[in-house]
Amino acid sequence: MIFEHFPILIPLPLLLGAMIAAPLGVWKRDLAYPIALFATGLSLFFTVSGLIFVLNTGTHHYHLGSWAPPIGIEYVVDALAAFVAVIVVGAGFLVMIYSHRSLQRELPNKEVPFHSVSLLFLAGLSGMVVTGDLFNLYVFLEISSLSAYALVAVGEKRAPVAAFRYLLLGTIGASFYLLGLGYLYVVTGSLNMLDTAKIIPLLPEHGLVLVALTLMIVGIGLKMAMFPLHLWLPDAYTYAPSAGSAYLAPIATKVSAYVLIRILFTVFEPAFVRDEFSFTTVLAWLSAVGIIWASVMAIAQKDLKRMLAYSSVSQIGYIGLGIGLANPLGFIGAVLHIMNHAVMKATLFLVSGNIFYRLGFTDIPKFDDKLRKMMPFTSVAFVVAALSMIGIPPTAGFFSKWYLVLGSIDAGNWIFVFVIALSSLLNIVYFFRIIEKMYISKSKTPSESTVEETKMREVPVSMLIPTLIFAVAVIVLGLLNAVIVDSVIRLAMPKGL
Amino acid sequence: MTDFFIGHIAYYFVIALLIIGLWGMLFKKNLVKKLIGMNILQSSIIIFYVASASKYGATVPVIDPRLGAINPADYINPLPHTLMLTAIVVSVATTGVALALLIVIYKRYKTLNEDELLERMK
């Protein structure tokens, strides 16, 4: 039965689609988009049915080419992997629908390579999620990173410089991960995550394992834009084309956060990283500093995309904080925030893409109520996502923050509770100044704004629908959070947490 | 002590290369030099893996009828070499993307010096 093979069928259609879309797109340019959509749709079908399968029957192990692990490469899809895979491919699918018209405006004649590269990007990310092999993870990491550099580089004039900086730092991150993996391989003699996890507790001394873990955390931290290692992120998100940043922002850093969870809690035991050596404590404190610092930086920004980029750094901090708390409630908060932040940030970046599509700029000081009159649906989507970022119930953002607060109280750390509350206030500052401009401040030149200019001119339907789906998802996922936590995330809880 | 040093000389070499590579990437002003630094960094990791696979007095990992396949210490571990083949491909691809970016940057700004670049980007 073909369905047993679903773990490989998640990245495979995307990889094949990338290879087919490029040559066929050269022959007939209109073919690339349907092929890309079909490939992503196929992959989405397998991720969703895979999640249902895993929830019903438990963790699924798939041996590539029937080579048994630890010799062969193994794909392990447990509840956590299936859940993150649905987020990655689902968000990618919606952004792909969106990207068509946006690309025609921003990057005419470059749609074919862009679709092809974005398929590779999604293939790399979904592969990182399903793999159970540490070196295979490195290969998928590089596939997704290389395509991410390309997605950034095609943007506006300064984009190549931002992409080059991203490439250098991303390569340092990947190299550190590879070096750490080398140490781990030298000590354990295995590359399989579950096999390595069995060997590590048997080791007589921990010196090399600690070096390995530190190097891997720094490497993944660079990819994840963890607080002191986030320097590549603001430029990359700002100068990428709208569709590019809509791909990158919601899912790229989240998948790295997922890899961090895997390394800390699957390869190493929670008892090792939390009690014996306090890696998670360092992670939590760095994240807490990052949350506040990035929120303050976001307030200082004048460009919408740049502000959203800094807000991303701060939201990554929440995920890092949840992982760093290393208790069940913190873990639920972190995983829930991976999903919620993917949906909220996708909404916000699609909105900024919509604004750029109609107005041609994203400078916050130039916004006024003309924006709302021109694009009422986009504005509503923005408000919903902004409320969720601030954390107002019943939007999704409230619930992950709620779990993080509960986790901090559980850990007895009131400073983290204060940090979450303070950052919510800072979020209010930088989102409400935009909502204020959109809904309250009058156009500065009322005489010039004739009837035609204030007439409703929404973006094309294929761009509006994904934006609205994401915005509705922000509320629906918030209402359904108890179901998600009970039926998925509690199943994904690592042993010993 | 001397034995330990000589026995691990490959690893000191790796550390030296790693630091040279990182230093080049972070402190050199020319973007091409940064790229060269990146390549040195990646090479250092490739050498690290290959050095970790070697054993004194062992032979290539093809079964020798005189030795048999009983004692794994007779053969060099082939796995790190195969892993590094993949890593070399990745490194070539990264260098390719980086060079393509450098060409675009040079066409737009007519310079590859970081300071001049920041000046012209304003």
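**Figure 1. Chain B from end to end, an α-α-α-α-α pattern along the sequence.** This is a predicted model, and in it chain B comes out with five helices and zero strands. Its C-alpha trace spans about 70 × 35 × 15 Å along the principal axes. The radius of gyration tells a matching story: chain B has 20 Å, where a compact globule of 122 residues would sit near 14 Å. Buried residues account for 23% of the 122 residues in this chain. As for contacts with a separation of 6 or more in chain B, 49% of them link residues 24 or more positions apart.

**Figure 2. Close-up of helix α2 of chain B, residues 9-27.** The helix has 19 residues and runs 27 Å from first C-alpha to last, close to the 27 Å expected at 1.5 Å a residue. Which residues of α2(B) are buried? Look for Val14(B), Leu18(B), Gly21(B) and Met25(B). They lie on the same side of α2(B), because they cover an arc of only 70° around the axis. An α-helix has 3.6 residues a turn, so residues three or four places apart point the same way. Flip to the face turned away from that buried side and you meet the exposed residues Ile9(B), Tyr12(B), Ile15(B), Ala16(B) and Phe27(B).

**Figure 3. What the buried side of α2(B) packs against.** Two partners show up here, one from each chain: α7 of chain A and α3 (31-53) of chain B. So what does the contact between the chains look like from the chain A side? Chain A puts in 22 residues and chain B 24 residues. On chain A, the elements that give two or more residues to the side touching chain B are α6 (134-153) and α7 (159-188). The largest share of that side, 13 residues, comes from α7(A). By residue type, the chain A side splits into 16 nonpolar, three polar and three charged.

**Figure 4. Inside the largest nonpolar core, with Val152(A) in view.** The core has 213 residues, and the members touching the most others are Val84(A), Val88(A), Val152(A) and Ala163(A). Helix α7(A) turns up again, giving the most to this core with 19 residues. Zoom in on Val152(A): leaving aside neighbours within four places in sequence, its contacts include Ala159(A), Ala162(A), Ala163(A) and Tyr166(A). Also in contact with Val152(A) are Ala236(A), Tyr239(A), Ala240(A) and Gly244(A).

Terms used
Residues are numbered from 1 along each chain as its sequence is written. Chains are lettered from A and ligands numbered from 1 in the order in which they are written. This is a predicted model: local features need pLDDT of at least 70, side-chain atom pairs count only at pLDDT 80 or more; totals for chains, interfaces and linings use all residues. Two residues are in contact if their C-beta atoms, placed from the backbone, lie within 7 Å. Helices (H or I, at least four residues) and strands (E, at least two) are DSSP runs, numbered from the N terminus. Ala, Val, Leu, Ile, Met, Phe, Trp, Tyr, Cys and Pro count as nonpolar, Asp, Glu, Lys and Arg as charged, and the others, Gly among them, as polar. The expected span of a helix is 1.5 Å times one less than its number of residues. A residue is buried if 20 or more other C-beta atoms lie within 10 Å of its own, exposed if 12 or fewer, and partly exposed in between; C-beta atoms are placed from the backbone. The arc is that of the directions from the helix axis to the C-beta atoms. A nonpolar core is a set of buried Ala, Val, Leu, Ile, Met, Phe, Trp, Tyr and Cys residues joined through C-beta atoms within 7 Å. The radius of gyration is taken over C-alpha atoms; the globule rule is 2.2 Å times the number of residues to the power 0.38.
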